Amino acid sequence: MSQDEQDRPSVLRAARERTRAEITRQILDTARRHLATAGASGLSLRAIARELGASSSAVYRYVASRDDLLTMLIVAAYDALGAAAETAEAAVTRDDLAGRWSAACAAVRAWALAHPNEYALIYGTPVPGYTAPPATTAPAARVSTVLLRILTDAAAGPPTPATAADDLPPGAARALAPARSTAGPQVPGALLQRGLMAWAALFGTVSSELFGQLHGIVGDQPEDHQAFFTESVRRWAAHVGITPDRTAPEPDSPDGSRNPPETETTTTAQVIENSTSHTAKKVSS
């Protein structure tokens with residue numbers, strides 16, 4: 001057998017995989033458009049097949065059921081949101097805890113405003129009859145993992161009242177076991193509790209804005225929403241013990257702390273302004 005004959009099966013396999021990936025992408029893109037019109041509970045593989053000009057049986061070769069389609073959409077949405085938060089947080093210097101916190105929070109809001117239907121799929125009303133499988137767990141945890149890493153760095157720095165206290169009652173401490181497995185034992189229980197409270201407030205605030213629940217409470221202009229969000233992020237950070245002058249420890253620093261030059265510190269307002277103002281105006285227009 002010649003080398004060309006030996007290589008042919010792998011070439012054909014790669015071509016089939018590319019074709020499958022492209023058709024799957026088309027199915028998911030079409031399903032995302034249907035989310036905007038029919039909602040998650042109204043997704044129909046038959047309707048998607050009609051739009052693609054394919055038979056239902058052809059689509060079923062790539063997506064076995066409506067629930068499988070929902071799972072694929074949910075995993076993709078969580079991954080996209082997580083990647084946005086990770087990329088924004090990674091772009092900030094490591095010792096700028098407040099900047100990292102603000103960048104991650106701003107990225108969550110910016111992604112939600114830019115992808116309202118996908119955000120509603122993962123943080124909106126549950127789809128009747130659908131139970132998310134374990135495959136969604138790891139993607140769903142990507143944003144919280146970013147925030148927990150910041151808490152871990154805050155705990156390793158100079159102590160503050162917010163980061164040094166560890167006064168959780170036993171029941172509350174046990175409740176935090178899943179987050180503890182990510183944050184590690186070095187994060188005081190009270191700091192972990194505060195951080196998760198801020199995490200819940202972040203998604204509650206973003207959801208309230210996206211689903212119109214701030215109307216009559218916060219001004220309706222985009223700059224009103226952004227000002228409210230900016231100040232919320234600043235106060236969450238202060239509650240957690242992360243302020244613009246708090247820094248993460250350097251690995252080679254004897255006391256685990258230093259004061260960065262002023263040019264290295266990114267303030268909460270600056271990060272959020274840069275990350276979300278364009279998106280907010282675009283969505284509101």
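Colleague: Which residues of helix 6 are buried, and why are they on the same side of the helix?

Modeller: This is a predicted model, where local features need pLDDT of at least 70, side-chain atom pairs count only at pLDDT 80 or more, and totals for chains, interfaces and linings use all residues. Residues are numbered from 1 along each chain as its sequence is written, and side-chain values use heavy atoms, without hydrogens and water. The buried residues (under 20% relative accessible area, 1.4 Å probe, protein chains only) of helix 6, residues 116-123, cover an arc of only 155° around the axis, which puts them on the same side. They are E118, Y119, L121 and I122.

Colleague: How many helices and strands are there in the chain?

Modeller: Helices are DSSP runs of H or I with at least four residues, and strands are runs of E with at least two. Read along the sequence, the pattern is α-α-α-α-α-α-α-α-α-α-α-α-α-α. The count is 14 helices and zero strands.

Colleague: Which helix gives the largest share of the largest nonpolar core?

Modeller: Such a core is a set of buried Ala, Val, Leu, Ile, Met, Phe, Trp, Tyr and Cys residues joined through side-chain atoms within 4.5 Å. The largest one has 57 residues, and L69 and W101 are among those with the most contacts inside it. Nine of its residues come from one element, the largest share: helix 5, residues 97-114.

Colleague: Which residues does L69 touch, leaving out those up to four places away in sequence?

Modeller: Contact means heavy atoms within 4.5 Å. With that cut-off, L69 touches I27, L28, A31, L43, L45, I48 and V63.

Methods. Buried < 20%, exposed > 50% of the residue type's maximum accessible area, 1.4 Å probe, protein only. Arc of directions from axis to C-beta.
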